[in-house]
Amino acid sequence: MSAAAASELLSFQVIQGEQVVTYRKLSNELQIHINEAKRLMASFYDDHKDRCHATFALTGAKKREMSNDSLASELLVALVKESELSTLTNDLENAEYHVYSLEPRILEDRNALVAANISSGNMRDSAELGAVRSSVSLLTKSTTVNDYNREPEPKRPAAAAAAAVNQEIEPRQSKNEDQQAVDEDVAMDETKTLDIKKAAPATTNKNDSKSKDTSSGATSSAPTKAKSMKSFFGKNISKKPASSAESSVKPDRDNDIFKQEAEKETNQKPEQEKEKGQADSQEQVPESEDMEMQSTEEVEPPTKRQRVEDMFDDDDFVNDFKSSSTILTRDNKSNAETKAMDDSQQSMASAAETQSDVEMAEPMVSASEDDHDGNEKGRRRVRKLRKVNKIKHTKNKRGMLVTQTVEDWESYFESESDSEPAKPKSVPGKQSAASAEAYDQNKTSSKGKSKSSAVPQRSILSFFGKKK
Amino acid sequence: MSADTFCLERVSVAATNDITSVFRTGRRTYGQQFDELYSQRLRSLKPAAAEAAEHRWPRVQETPNVLNVEGPQATFIVGTVFVDSGNKPSTLHQVERERWVSDIHGEQYREAPDTVVFLEDESGRIRLVGSVVDKAILASGVVAAVLGVETAEGDFEVADICFARMAPQKPMPVLKEDKYVALVSGLQMTTERPITLALQLLAETLCGELGALGTMQPLAAKIAQVVLVGDTMQLPPAPLGHAEDMRVNDRTVAAKLAKQVDGFLADIAANVPVAIMPGAADPADTSLPQQPLPRSLLPQCSQYSGFSSLTNPALLQLDGLYLLGSSGQNIDDLRRYSSEPASRLAAASLGWRHIAPTAPDTLWCYPFTTHDPFVLHDTPHVYFVGNQSQFDSVVTRGPDGQSTRVVMIPRFADTNQIVLVNMRTLECSTLEISA
């Protein structure tokens with residue numbers, strides 16, 4: 001029965017279809033034992049020698065004159081044409097051969113066999129048709145493997161907290177792609193690609209015990225799932241929280257980040273496309289890192305900069321970006337003002353400015369009401385925003401420091417009446433007012449521009465001052 | 001018909017997984033210097049070397065510190081050999097050149113005209129002179145005992161050298177049937193052409209699909225373990241650049257290659273236990289001991305119970321047989337100190353009780369502080385070295401009846417050969433694939 005099916009298939013594919021058929025392909029298509037496939041191919045070839053050509057697999061031991069201590073035997077597995085078969089068989093002991101493939105004409109280029117083998121499917125999928133039974137078994141989730149890679153990874157409560165933080169900041173989206181490059185961790189890239197790679201086999205192999213699917217959350221961590229991947233710089237990165245015994249704060253933080261990153265990855269992947277998911281997770285990572293840094297840095301400053309990228313990760317840089325990036329996306333002016341204040345707090349401004357900013361916070365709250373810090377009668381201080389050029393330091397794709405001047409919004413205080421001529425002779429009133437004006441003055445002088453450029457237009461006659 | 005459906009049982013071996021590897025580094029720190037490694041090495045091997053020296057030169061007195069050598073009397077000193085040569089890689093030379101070259105090829109360190117051989121211990125170093133020194137197989141980092149006298153210039157004229165000699169060996173297990181270990185090295189699957197016909201034939205042979213029922217398939221059924229000894233993947237060299245440059249850090253190439261390698265190896269891993277060791281070209285550590293390739297790099301292979309990822313060097317145990325394996329970096333570095341054939345150098349390193357003595361001098365390695373993992377406390381039954389230019393095998397014997405089969409495994413990508421070691425007799429056979 002199968003002989004008829006085999007010859008039908010072979011004549012269809014090889015003779016009519018002009019394709020190469022290997023013994024594995026025949027076995028796979030007809031679901032027959034490979035030795036039977038070989039036999040059927042041989043009989044087909046005997047019947048149809050004029051119309052097709054066969055490649056044989058010849059095995060045997062090379063003949064050697066003397067026994068050698070170093071080498072017991074030299075075995076050979078060769079693919080030969082029929083013409084070579086007899087000559088080579090004579091050179092070998094225990095020579096055996098069988099049909100390897102059938103093709104319409106002599107194969108000049110054996111790469112066709114490579115393709116044919118690949119199209120025959122995986123050997124592991126048709127293992128029941130093989131001649132040697134496997135001595136290994138497929139691992140299920142329940143079985144554990146004592147592996148050289150295994151390292152114990154106890155759960156950490158910080159992981160749950162980190163997960164909570166992760167959930168909070170997830171909705172925030174920053175659209176500024178350039179600044180991603182600064183915080184984008186090389187290692188995170190690696191975990192991302194590996195994660196994506198895992199998704200593919202995970203779908204095909206349901207009982208993948210090594211699946212990294214962390215959808216079960218931060219709490220599940222079977223010890224067998226430990227895989228310690230190394231970042232580019234040789235540091236261990238664990239998907240699950242690493243053993244806390246030897247880890248310093250810095251690696252803990254990193255693990256948190258990566259775990260969050262992994263969670264975000266798996267949370268997003270089912271919902272979004274891969275590219276979008278990558279972009280999202282990239283965008284969210286800097287923010288999560290930012291949050292993490294702010295929370296842990298206050299607790300315990302990192303003692304060692306173990307990763308090179310950490311050396312570049314100054315707080316100034318990071319917070320500068322974050323806050324400045326959010327400035328551009330916020331529509332609400334008051335929010336922008338808040339952010340601008342934060343920005344100016346953390347930018348590389350002088351201490352005097354910083355001090356004045358802090359004090360500005362108070363009048364900020366009660367901006368509308370108030371005269372209590374007015375140093376002159378009838379003067380009301382209004383908080384405004386103006387556009388100004390700021391110097392920003394970024395890191396480009398190649399990791400080089402780039403200095404750019406960008407336009408940015410900046411808050412300043414201004415009296416309702418003419419502030420500019422009054423400024424130089426400001427009466428020392430309350431401390432805050434003076435420092436606020438000093439701040440304004442500094443800003444004015446440092447920019448080298450007159451304030452009138454940012455002041456809204458009033459009557460032209462005001463140009464002539466109070467003399468009018 | 002029954003012959004067509006006959007299925008052979010593959011032999012199995014007792015699990016190899018309970019060897020705790022001394023080559024694991026765990027969490028690494030680099031704040032320490034390498035002097036700890038050297039002092040641990042000397043501390044481990046000095047007693048054995050001194051004992052061997054006393055045995056060899058019975059009535060000679062040892063001088064405890066190399067610097068205290070004096071007088072016309074013959075004495076022996078024990079210390080670490082250090083070969084100083086102009087041909088050795090020097091960071092100053094590397095800085096002088098514009099681009100940093102990652103490794104230096106081919107130069108013999110001991111052939112430089114300014115080569116000097118010292119013997120060092122904790123107190124200091126003394127220069128060794130004499131024809132015996134020039135002819136001996138020596139490399140930096142070998143712990144040796146030298147017999148000689150002090151010269152007028154303060155050097156040490158050497159009359160004889162001896163080493164710690166082979167470590168104690170566990171008795172060889174007695175196996176009732178022939179079981180083979182297939183040692184495959186240097187598959188070097190490239191990104192352009194990962195799967196070749198030779199590789200496919202190899203996979204089919206190991207799984208027992210190729211071959212007739214008379215000889216080849218039964219032989220395949222007797223293969224109990226396959227070890228991939230280094231350089232399974234051949235990554236293109238990464239472009240030089242800043243650490244955060246996107247072009248340098250593009251790992252998609254390696255990831256794609258790893259996926260193809262994984263798919264290929266999973267066929268073999270599904271049928272026979274496979275152990276993979278990292279090599280010089282694999283995406284693994286540059287410095288010894290290379291840590292195991294992460295299982296997540298080969299996810300499909302990792303689903304099978306017999307798959308294990310090993311360090312380089314690695315110690316395996318199969319049914320009581322101890323095998324020590326290396327992907328070849330240590331022997332390749334030793335070949336720069338001596339022009340002897342590689343198998344002789346490997347055998348000599350067993351006599352030195354140290355498989356990578358040139359680490360950390362000219363072979364990059366991790367600065368261990370608590371122990372030197374390359375010191376052999378037990379001699380293995382088989383010592384295999386991968387990624388060699390051709391097959392070679394010798395049996396080396398020790399003073400107490402130790403016997404080790406040293407096997408040099410040729411690169412599959414160059415020679416299309418693998419090595420089968422019979423676990424019962426320790427005989428080697430080569431299997432060549434001719435596509």
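**Salt bridges, a shared sheet and an Asp in a strand**

In this predicted model, A:Arg124 and B:Asp267 reach across to each other and form a side-chain salt bridge, with N and O 2.9 Å apart. A:Arg124 sits in the loop between α5 (111-119) and β5 (132-133) of chain A, while B:Asp267 belongs to helix α7 (residues 252-269) of chain B, so this pair joins two chains. Both ends are tucked away: A:Arg124 is buried at a relative accessible area of 14%, and B:Asp267 is buried too, at 10%.

A second salt bridge stays within chain B. Here the side chains of B:Asp231 and B:Arg411 come together, again with 2.9 Å from N to O. B:Asp231 is in the loop between β10 (223-229) and β11 (233-234), and B:Arg411 is in the loop between β18 (403-410) and α10 (412-415), so the bridge ties together parts of chain B that are 180 residues apart in sequence. With a relative accessibility of just 4%, B:Asp231 counts as buried.

Chain A has its own example in A:Glu82 and A:Lys49, whose closest N and O atoms are 3.5 Å apart in a salt bridge. This pair also links distant parts of a chain, 33 residues apart: A:Glu82 is in helix α4 (residues 82-91), and A:Lys49 is in the loop between α3 (34-47) and β2 (53-62). Neither end is buried here, because A:Glu82 has a relative accessible area of 32% and is partly exposed, and A:Lys49, at 41%, is partly exposed as well.

Over all chains, the salt bridges come to 21. Some of them share partners: A:Lys62, A:Arg64, A:Glu74 and B:Glu432 are joined into one network in this way, with members from chain A and chain B.

The two chains also meet in a sheet. It is an open sheet of 10 strands with mixed pairing, running in the order β1(A)-β4(A)-β2(A)-β3(A)-β20(B)-β19(B)-β8(B)-β10(B)-β12(B)-β13(B). At the edges stand β1 (21-22) of chain A and β13 (308-309) of chain B; each has a single partner strand, so one side of each is left without a neighbour in the sheet. Strands of a sheet pair through backbone hydrogen bonds, in either a parallel or an antiparallel fashion. Within the chain A part, β2(A) and β3 (residues 73-81) run antiparallel and are joined by 7 bridges. A:Thr55 stands opposite A:Lys81 of β3(A).

Back in chain B, B:Asp160 is worth a look for its side-chain partners. This residue lies in strand β7 (residues 156-163) of chain B. Its side chain makes a polar contact of 2.9 Å with that of B:Arg56, and another of 2.9 Å with the side chain of B:Trp57. Leaving aside neighbours within four places in sequence, B:Asp160 is in contact with B:Arg56 and B:Trp57, and also with B:Val132, B:Ala145, B:Val146 and B:Leu147.

As for cysteines, a search of the whole structure turns up 0 disulfides over all chains. A disulfide is a covalent bond between two cysteine sulfur atoms. Among the cysteines of chain B, B:Cys162 counts as buried, with a relative accessibility of 5%, and B:Cys207 is likewise buried, at 2%.

Terms used:
Residues numbered from 1 in each chain as written. Chains lettered and ligands numbered in written order. Predicted model: local features only at pLDDT ≥ 70, side-chain atom pairs only at ≥ 80, totals over all residues. Heavy atoms only, no water. Salt bridge = Lys/Arg side-chain N within 4 Å of Asp/Glu carboxyl O. Helix = DSSP H or I, 4+ residues; strand = E, 2+ residues; numbered from the N terminus. Buried < 20%, exposed > 50% of the residue type's maximum accessible area, 1.4 Å probe, protein only. Polar contact = N/O pair within 3.5 Å; in protein donor to acceptor, adjacent residues only side chain to side chain. Contact = heavy atoms within 4.5 Å. Pairing = 2+ DSSP bridges. Disulfide = S-S within 2.5 Å.
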